[in-house]
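Me: Please take a close look at a single part of this model, the place where its two chains meet, and describe it in one connected account.

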There are 2 protein chains.
Amino acid sequence: MSALEQVLSHVDDHLEESIERLFDLVRIESISTDPAYKAECQKAAEWLERELVALKFDASVRSTPGHPMVVAHTPDQAEGPHVLFYGHYDVQPVDPLELWEKPPFEPSITEMSDGSKQLVGRGTSDDKGQLLTFLEACRAWRSVTGKLPLNTSIIFEGEEETGSPSLDAFLAENKDELKADLALVCDTTMWDRETPAITVQLRGMMKENLVIKAADRDLHSGAYGSAARNPLHVISSIIADLRDAQGRVQIPGFYDGVEELPAAIKKQWDSLGFDGATYLRDVGLSISAGEEGYSVLEQITSRPTCEVNGVWGGYNGLGSKTVIPAEANAKLTFRLVGKQEPDKIREAFRKFVNSRLPDDCTVEYESVGGEFGPLTVDTNMPETQKVIKALSDEWNKEAALMGSGGSIPITTEFRRVLGMETLLVGFALEDDRIHSPNEKYDLKSFHKGIRSWVRIIAALAA
Amino acid sequence: MSALEQVLSHVDDHLEESIERLFDLVRIESISTDPAYKAECQKAAEWLERELVALKFDASVRSTPGHPMVVAHTPDQAEGPHVLFYGHYDVQPVDPLELWEKPPFEPSITEMSDGSKQLVGRGTSDDKGQLLTFLEACRAWRSVTGKLPLNTSIIFEGEEETGSPSLDAFLAENKDELKADLALVCDTTMWDRETPAITVQLRGMMKENLVIKAADRDLHSGAYGSAARNPLHVISSIIADLRDAQGRVQIPGFYDGVEELPAAIKKQWDSLGFDGATYLRDVGLSISAGEEGYSVLEQITSRPTCEVNGVWGGYNGLGSKTVIPAEANAKLTFRLVGKQEPDKIREAFRKFVNSRLPDDCTVEYESVGGEFGPLTVDTNMPETQKVIKALSDEWNKEAALMGSGGSIPITTEFRRVLGMETLLVGFALEDDRIHSPNEKYDLKSFHKGIRSWVRIIAALAA
């Protein structure tokens with residue numbers, strides 16, 4: 001039996017323990033966006049540091065102005081390739097809590113009617129389960145061969161879900177330490193349950209919060225109704241104007257730098273048999289609301305978006321209240337593609353809003369931070385081919401080169417700050433309910449994800 | 001000295017005692033909306049019953065499914081006109097308590113820099129002070145002449161601030177007992193500090209809550225953005241469509257039954273010197289958002305409104321969340337005028353929303369209840385002219401016939417259930433801070449309010 005086969009076999013034999021470790025990590029309530037969970041984020045970082053030290057990494061928790069980073073290196077660096085693996089230990093908030101079937105931080109295994117087993121809990125998929133696939137692969141190599149065949153550095157972040165505010169500076173300050181030949185990121189999905197994938201296109205992101213204010217106090221609608229400007233009407237009109245009936249964003253200049261999909265990629269995508277109608281039907285929708293003239297797959301991956309993620313203002317309790325509120329709030333995010341630039345989109349958006357603001361209103365903008373440009377991966381690198389083969393071997397199916405509608409800012413930063421390309425390999429599934437109640441990670445994703453990394457480590461070391 | 005002059009003189013001479021009685025009543029914490037104050041509501045009803053018995057009324061506390069009514073009649077009914085006086089002894093909650101300069105239920109007199117004296121405390125104006133102006137007028141008549149010259153019935157309610165849930169049934173069950181020639185309601189304001197007023201127009205009300213649902217769960221904007229219907233965009237578009245740029249409501253049929261202001265009323269209003277610009281500037285606004293072609297005064301009193309009082313959906317915490325929420329909510333209220341009917345407006349609104357609903361969305365409506373039609377008082381009744389003269393005599397200024405943007409449902413019910421017209425006469429001022437901290441009632445309102453009722457009683461008895 002080859003070393004590789006022995007390591008894979010070790011993964012199979014110790015899967016129960018791997019699951020237990022994942023559950024330990026999921027139990028830590030590391031919600032990065034809410035300051036009340038600051039200590040939990042610290043705890044998750046320290047948990048990872050302990051595990052890395054146990055795997056004989058030189059590991060340390062590094063403070064930042066926000067939540068800490070965990071950085072680790074194989075001490076026994078040899079000649080040959082050197083990778084930097086990235087994951088994040090922070091998770092999304094859990095509201096609405098009442099929709100969770102079990103408490104979000106009490107992970108469990110649920111067996112589905114199709115026989116599959118799901119690891120359920122906040123972070124099981126995004127990104128605690130995913131990052132552990134790599135750690136458990138390292139563990140198996142160490143256990144069986146006493147060493148890791150690939151020079152490996154690791155960075156775990158605790159602010160991915162809040163837009164990575166501390167990341168750029170940290171990378172820049174630790175450039176020499178973190179620079180490697182290639183970055184590996186495990187925060188993406190497979191093409192489908194059977195088909196592994198490398199994500200070769202990622203959308204960029206721009207986030208903007210705004211508050212529109214009118215009167216200097218809440219007003220009684222009987223005394224001021226219709227004469228007094230109602231900021232809820234104002235913000236609704238602005239949001240309504242953002243897209244036309246064909247789903248096209250109406251902000252002037254928004255589509256500057258947006259390119260049509262290259263014919264080769266479009267052809268591969270067409271061959272994957274993505275069924276947009278089924279994709280939407282699975283979440284209870286019957287028709288696409290996106291740009292006319294583009295497939296659902298293009299809408300969610302290669303086209304830019306403008307989405308309102310939250311609106312609030314006025315009374316939201318029981319019954320009714322005859323109030324004209326003093327202000328109305330909205331949170332928006334934009335997904336960017338091609339050569340769209342976050343700063344230009346922000347400027348165009350603000351101009352769009354300002355031009356629609358009645359004279360008796362003011363608007364305040366809050367830049368939430370964490371904006372970054374879109375990314376296109378070089379699919380011609382030899383490493384790409386090695387990873388494709390490793391994945392295809394494990395899953396018995398050719399790995400897909402897919403676009404992702406999501407955004408992983410670190411990839412842009414790795415290129416910009418560290419001059420390094422990134423391969424994005426992940427085992428999450430589209431139905432993992434990341435960011436939603438009842439988040440889960442397929443046990444098969446976890447198990448074969450670990451096995452995939454065992455193979456990728458071997459392939460990249462060769 | 002005529003009997004009327006003697007009674008007016010008696011009012012002046014016993015003002016201190018009238019104030020003491022008001023303070024006794026204000027000290028009772030009769031907050032109707034909070035079950036914790038149920039016993040206090042009962043106590044206020046019993047206090048009023050005792051006072052009425054002392055004034056030789058046949059008075060009784062009558063139980064309802066909620067807080068009790070107090071009903072009273074002059075025992076010495078004679079030939080001639082018969083009025084039913086209405087007031088309410090319940091008060092609004094006192095939160096935010098920290099904004100009160102003195103405890104809300106420890107009434108006191110504050111002397112202002114302009115020399116005016118203010119009776120301060122919860123309910124001093126709304127409606128304990130106002131209802132006592134009538135009772136103290138009755139007291140003065142009894143003290144001086146041994147009788148009340150006008151056949152008088154009284155109903156005091158304890159649920160006005162919670163939407164009068166028990167009122168309709170009580171009126172219907174006691175129709176024969178309560179029917180009179182005319183109802184008098186003291187729960188409105190003067191035109192200004194110098195100008196007494198009869199409120200001759202009140203707006204009706206229709207309330208509607210709605211929730212628009214799209215996908216069957218919250219979605220990640222990276223995975224579904226733009227392709228998946230975002231209910232926040234849908235609800236925003238619907239709200240945006242409700243009014244055009246000229247402030248006109250776009251619901252088909254909305255203006256059916258809305259009449260232009262009669263020329264005589266419009267002329268009188270124009271003469272009152274209402275300054276719409278100042279009215280708006282006082283709350284931080286610079287321009288009217290209401291229907292073009294109508295003055296601010298018309299917009300807030302004689303024109304119908306469609307106001308969104310609350311909108312919420314998606315994420316509203318710190319930072320951002322890349323979510324496409326499963327649902328979006330809104331609360332709306334409509335103020336109705338002329339011959340607008342709440343049921344028809346509700347139907348037209350729902351049709352308007354339904355026609356704008358994408359095929360992949362559903363909408364659920366919640367009728368909050370408490371809707372009622374608008375009221376226009378017959379200003380040609382001889383009683384109206386008598387009350388105008390009595391008020392003008394007392395204040396040495398012609399009484400205004402004013403419209404109120406607010407809504408007093410009891411007037412609609414008096415007409416519908418008891419077939420009786422209502423005259424609304426009150427002495428509150430716009431700056432009385434009813435429903436807010438530091439509620440007050442001008443001592444002049446209280447004193448001259450009592451004197452006004454002395455004159456009205458004489459005028460209506462004649």
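Reply: A record gives a useful starting point. In an unreviewed entry, UniProt assigns the feature "domain: Peptidase M20 dimerisation" to residues 205-360 of chain A. In this predicted model, that span of chain A is 32% helix and 21% strand, and its end C-alpha atoms lie 32 Å apart.

Turning to the interface itself, 71 residues of chain B are in contact with 81 residues of chain A. The area buried between the two chains is about 6400 Å², and carbon and sulfur atoms account for 53% of it. Three residues, B:Ser226, B:His233 and B:Lys321, together supply 10% of the area that chain B buries against chain A, more than any other three residues.

As for the polar interactions, the rule finds 40 residue pairs in polar contact across the interface of chain B and chain A, with both residues at pLDDT 80 or more. By contrast, 0 salt bridges are found across this interface, although the side of chain B that touches chain A includes 14 charged residues, alongside 29 nonpolar and 28 polar ones.

Among the secondary-structure elements, strand 11 of chain B (residues 305-314) gives the most to the side of chain B that touches chain A, contributing 10 residues. This strand also pairs with strand 11 of chain A, likewise residues 305-314, in the antiparallel sense and over 5 bridges. Within that pairing, A:Gly313 stands opposite B:Val311.

Technical notes. Residues numbered from 1 in each chain as written. Chains lettered and ligands numbered in written order. Predicted model: local features only at pLDDT ≥ 70, side-chain atom pairs only at ≥ 80, totals over all residues. Heavy atoms only, no water. Contact = heavy atoms within 4.5 Å. Buried area = accessible area lost by both parts, 1.4 Å probe. Salt bridge = Lys/Arg side-chain N within 4 Å of Asp/Glu carboxyl O. Polar contact = N/O pair within 3.5 Å; in protein donor to acceptor, adjacent residues only side chain to side chain. Helix = DSSP H or I, 4+ residues; strand = E, 2+ residues; numbered from the N terminus. Nonpolar A, V, L, I, M, F, W, Y, C, P; charged D, E, K, R; others polar. Pairing = 2+ DSSP bridges. UniProt positions renumbered as here; feature names shortened; annotations may be inferred.
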